[in-house]
Amino acid sequence: EANRVYNFNPGPATLPLSVLKEAQAEFLNFGDSGMSILEISHRAKPYAAVHAQAKADIKELMGLGDDYEVLFCQGGASQQFAMIPLNFASKDHPGSYVLSGSFASKAYKEAELLGVGEIAASSKDRDFKHIPIQEELKINPNAAYVHLCYNNTIYGTEYHYIPETNGVPLFADMSSDMLSRPLDFKKFDFIYAGVQKNLGPAGVVLVVAKKELLAKSPKTLPTMFRYSTFLEKDSLYNTPPAFCIYMVGKVAAWIKAEGGLEEMAKRNKKKAAVVYDAIDNSDGFYKGHADKDSRSFMNVTFRLPSEELEAKFVKEALAQGLSGVKGHRSVGGMRASIYNAMPYEGAEKLAQFMDNFRKENA
Ligand code: PMP
């Protein structure tokens, strides 16, 4: 598609072109219903098949069995920040948070607001440049859960290990690296992700968690804030964001067809390597924000020697069809988001541009 750019935005983000085309082809008449997916009832058969298949494909990709359930929630990952402590934490059994960046801290703030949060570790004093290592974590054996943000979208850091929590349930916000690589997902009790980075358009949050945990919601919570409602009603207590779920299903099917999470990981590593190499081989012109051992495969963050050069970089990149490389204001500089759907050619073109830009401006 000649008029499409390489889209490095952090989310909403680039989606596989073949998925967009499929959706376009089916848009006016979905499943021979004579209606668009936007118009069809969420109780109708063609939709039920989409709903079930998306769940099944996600679980299959993650290698999870019947003890886990996939929920489709709304309110963004941000609403999960509140729902998690509401459902699981108490003064006696607080939620214990690892602060590794902006969203990890926002999640903690909601628990703090409810008086049920504590901090297990923080890398704030080092400007969130690294992921706290196992030895830094203070695991409270009485905690209801340990909460991690597995990939820090803004700072460009990502976990490269699964913390040992000595039996305390492990919760993770995987909004920005969900289904980007194989992990031993069984080690997690509760995983959630806003889908608008790796998996679809904004509007639905994926929750993949142990059923026995989801069933435990306090009955005193309003209906839509209880995970047990979503569990018991198959995420169909109220009208779900059907179009988003349909798109997530298509992306999950695409991941499967491309070779699953192993293949995603292989590609993501290769893309990240070419961009990080452009940073590391720049004689200090580009400075990566993340410590090398905490670098994200999804969001590559770096600074240039001056803000003037950063503005020039963004402008000239865009002129070459490299869109969305401006970083988050809290870190400054650049951020290249290279999620599953970013082709290698995009990352390579960015790296090439970085080399040229440095030679012209150093
Ligand atoms: N967690 C992470 C890791 C994120 O990157 C984001 C969004 N950028 C959020 C949570 C918040 O997600 P939402 O906008 O869906 O509430």
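## Domain and overall content

Over residues 5-350 the chain is 35% helix and 16% strand. The C-alpha atoms at the two ends of that stretch are 12 Å apart. The model is a predicted one. An unreviewed UniProt entry annotates residues 5-350 as "domain: Aminotransferase class V".

## The seven-stranded sheet

Seven strands form an open sheet in the order β2-β10-β9-β8-β5-β3-β4. Pairing within this sheet is mixed. The edges are β2 (68-73) and β4 (117-122), each paired on one side only. From one strand to the next the twist averages 20°.

Strand β3 (residues 95-99) has parallel partners in β4 and β5. Five bridges link β3 to β4, and three link β3 to β5. Y97 appears in both pairings: Y97 stands opposite I119 in β4, and its bridge partner in β5 is H147. On the next step across the sheet, β5 and β8 also run parallel, over four bridges. Here V146 is paired with L170 in β8.

## Strand β5

How many of the residues of β5 are buried? Five of five are buried. Y145, H147 and C149 point one way, while V146 and L148 point the other way. In a regular strand the side chains alternate between the two faces of the sheet.

## Helices on the sheet

Helix α3 (residues 76-88) lies across β2, β3, β4, β5 (145-149), β8 (170-173), β9 (190-194) and β10 (205-210). Its direction is at about 155° to β9. Helix α4 (residues 102-113) packs on the sheet too. α4 touches β3, β4, β5 and β8, and makes about 155° with the direction of β3.

## Ligand surroundings

Which residues surround the ligand? They are G11, G76, A77, S78, F103, C149, T153, D173, S175, S176 and G194. Three are nonpolar, seven polar and one charged. Helix α3 supplies the largest share of this shell, with three residues.

Two members of the shell have further features. C149 is a buried residue of β5. G11 is joined to P12 by a cis peptide bond, with omega about -5°.

## The annotated position R43

UniProt places a "binding site" feature at R43, in an unreviewed entry. R43 sits in the loop between α1 (17-26) and α2 (45-62). Is R43 buried or exposed? R43 counts as exposed because it has 9 C-beta neighbours inside 10 Å, and 12 or fewer is the cut-off for that class.

## A buried loop residue, L199

L199 lies in the loop between β9 and β10. Although in a loop, L199 is buried, because 31 other C-beta atoms lie within 10 Å. Beyond its neighbours within four places in sequence, L199 contacts M178, L179, L206, V248 and V251.

L199 can also be placed relative to the ligand shell. S176 is one of the residues around the ligand. The C-alpha atoms of L199 and S176 are separated by 9.4 Å, with their positions 23 residues apart along the chain.

## Strands β12 and β14

Strand β12 (residues 299-303) and β14 run antiparallel, joined by four bridges. N299 has S337 as its bridge partner in β14. Both faces of β14 (residues 334-337) are covered. M334 and A336 are on one side, R335 and S337 on the other, and all are buried.

## Unusual backbone geometry

Most residues other than glycine have a negative phi, and most peptide bonds are trans. Three places depart from this pattern. The cis bond between G11 and P12 is one of them. P12 lies in the loop between β1 (6-7) and α1.

The other two are residues with positive phi. N166 has a phi of about 50° and lies in the loop between β7 (157-158) and β8. S235 has a phi near 60° and lies in the loop between α6 (227-232) and α7 (242-258).

Which of the two classes, buried or exposed, fits N166? N166 counts as exposed because it has 8 C-beta neighbours inside 10 Å. S235 counts as buried because it has 23 such neighbours inside 10 Å.

How values were computed
Residues numbered from 1 in each chain as written. Predicted model: local features only at pLDDT ≥ 70, side-chain atom pairs only at ≥ 80, totals over all residues. UniProt positions renumbered as here; feature names shortened; annotations may be inferred. Near = placed C-beta within 6 Å. Nonpolar A, V, L, I, M, F, W, Y, C, P; charged D, E, K, R; others polar. Pairing = 2+ DSSP bridges. Axes fitted to C-alpha atoms, helices over the stretch in contact; angles between N-to-C directions. Contact = placed C-beta atoms within 7 Å. Buried ≥ 20, exposed ≤ 12 C-beta atoms within 10 Å, placed from the backbone.
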